[in-house]
Amino acid sequence: MATRAIVFAHLISGCFAVKIDTTDTLSTSITTDTLTDTITDTLPTSITTPTTIDPPTTIDPTDTGPTTTIDPTDTDPTITDPTFTTIFTDPTIGPTTVTVTVTTEPPADCGNGIVEDGEECDDGNSSDTDDCPTTCKSAVCGDGFVRAGAEVCDDKINDNSYEGCAPGCSALGPRCGDSVLQAAEGELCDDGNQTAGDGCNACLTENLPGECGQAVALAQPGRNVASQVDEVECDLDLPAEGRWSRFVGSAGSRMPTTAPPQFSCGTHAPGWLNGSEPAPADGVVAREICFHWEDETCHFKAPIAVQNCGPFIMYRLPAPPTCALRYCGVD
C-alpha cells in the first residue's frame, strides 16, 4: 500500500481530533454529518536562515560627542566650531538626539583691517587723519579728527566760537593772532603775530603786572558751566605745571566760586574755586580747587595760585589728581 492513513475522529461538542501518519503530501476529506474538513499538508523543501539583528548600542550619557579645541592665542576670525550631533540614552525615555552648533566669533578688533560688526570701516592703520580714523567710523566733520586734504579744523562743535572751528570744518573761528581785536573774548590787543617785545604778546599787552602777560588761554566751549556739549574730557593735557592759564571766549572769563553740578563742564567731576577771587592789589594768592563728585562738592582737592591781573584773572593749575576731572569756567 503506497499511502496509508489512519484517521480517528471523535466528535466532542462540535470538535474533532485527527491523527495522521503520512509522508510527502496527504489530502483527506472527512464527512461527519454536517462536518466536512479537508486537510492539505505540504512539507517545506527549504529553510530560510533567520536574519541576525545586532543589539542596540548604548551610548554613555556623559559623552557629549566630538569636541574642537581652539587655541586661545589664535586670532583667525574665520574659526567656527563644527556642528555635531550626539545621542543621549535615557533608560526611562529612550534615546534622544540633540544637535549642538557652537560658533566662536572673536570680538571686534578695530585696526585689524577687517570690517566687523559695529564698524563702518577698518583700514588697519593708526592714522586719525585719513578716511577711516582709529574709531573705525567713517571720517566726518564733528568727529574731532582733522581729515587731511578735506578739513582745516575739527573741534567737535564747529560753531565758529573763539579759538574754535567754523561750521563744515572748512575754516578756523576767530582767534588770537587773526589781527582782529576780540575784546569780548579777553583780548587786550591783537597785532597778528607772536613776536615778543612789540607791545602785544599772545593778545595781551606787555605792561601787565607780574607774569600776567604769559597766561595761556583756555578757550574750549565745553568748559563753560552753561555748555551743553556732550563730551567727557580730563585736564591731564593742561600746560605744564607752573604755567598760568586764563579763561577766554566761550569757555568763560573766570572759574566759578560755587560747585557746578556733576557731569557739567564736559567732564565727570567739575572743578571750581573754593574761595574768593583776589583783588589786583593782592598779587599772587593761594587758593584751593574742589571737584564735585559722588554728591560731595569737594570730593577731590588741589592747591592752586591765583592772581587778578586787572582785565582778567589767571590761575596756576596743576594736573588734576585723577580722571575725569576738569576745570570749569563761567561768564
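The largest nonpolar core holds 18 residues, of which Met255, Tyr315, Leu317 and Tyr327 touch the most other members. Two or more residues of this core come from each of strand S9 (269-274), strand S10 (284-293), strand S11 (296-308), strand S12 (313-316) and strand S13 (325-327). The model is predicted. In soluble globular proteins, nonpolar side chains tend to be buried together.

Methionine 255 illustrates the packing in detail. Residues up to four places away in sequence set aside, methionine 255 touches Phe247, Gly271, Trp272, Leu273, Glu277, Ile289, Tyr315, Leu317, Tyr327, Cys328, Gly329 and Val330. Apart from the largest core lies another, made up of nine residues. Among them are Ala215, Ala305, Cys309 and Met314.

The secondary structure consists of 13 strands and zero helices. Read from the N terminus, the elements run β-β-β-β-β-β-β-β-β-β-β-β-β. Buried residues account for 29% of the 331 residues of the protein. Contacts between residues at least 6 apart in sequence were also sorted by separation. Of these, 40% join residues at least 24 apart. The accessible surface comes to about 19,800 Å². Carbon and sulfur atoms contribute 53% of that surface.

The salt bridges of the protein number eight. One of them pairs arginine 147 with glutamate 151, with the closest N and O atoms 3.7 Å apart. The two partners differ in burial. Arginine 147 has a relative accessible area of 22% and is partly exposed, because the cut-off for buried is under 20%. Glutamate 151, at 10%, falls under that cut-off and is therefore buried. Salt bridges with shared partners also bring in Asp131, so that Asp131, Arg147 and Glu151 form one network.

The surroundings of glutamate 151 can be described further. Glutamate 151 sits in the loop between strand S4 (94-100) and strand S5 (200-201). A polar atom of the glutamate 151 side chain lies 3.3 Å from the backbone nitrogen of cysteine 141. Beyond its neighbours within four places in sequence, glutamate 151 is in contact with Val140, Cys141, Phe145, Val146 and Cys169. Cysteine 141 thus appears both in this contact list and in the 3.3 Å approach to the side chain.

A second salt bridge joins arginine 223 to aspartate 235. The closest N and O atoms of this pair are 2.6 Å apart. Arginine 223 and aspartate 235 both lie in the loop between strand S7 (216-218) and strand S8 (244-247), so the pair ties together parts that are 12 residues apart in sequence. Arginine 223 is buried, as is aspartate 235.

Another bridge connects arginine 326 with glutamate 231, where the closest N and O atoms are 2.9 Å apart. This pair links distant parts of the chain, 95 residues apart. Arginine 326 belongs to strand S13, whereas glutamate 231 is in the loop between S7 and S8. Both arginine 326 and glutamate 231 are buried. Strand S13 (325-327), which carries arginine 326, also gives two or more residues to the largest nonpolar core.

Definitions and conventions
Residues numbered from 1 in each chain as written. Predicted model: local features only at pLDDT ≥ 70, side-chain atom pairs only at ≥ 80, totals over all residues. Heavy atoms only, no water. Core = buried A, V, L, I, M, F, W, Y, C linked by side-chain atoms within 4.5 Å. Buried < 20%, exposed > 50% of the residue type's maximum accessible area, 1.4 Å probe, protein only. Helix = DSSP H or I, 4+ residues; strand = E, 2+ residues; numbered from the N terminus. Contact = heavy atoms within 4.5 Å. Polar contact = N/O pair within 3.5 Å; in protein donor to acceptor, adjacent residues only side chain to side chain. Salt bridge = Lys/Arg side-chain N within 4 Å of Asp/Glu carboxyl O. Areas by Shrake-Rupley, 256 points an atom, 1.4 Å probe, with all protein chains shown as cover.
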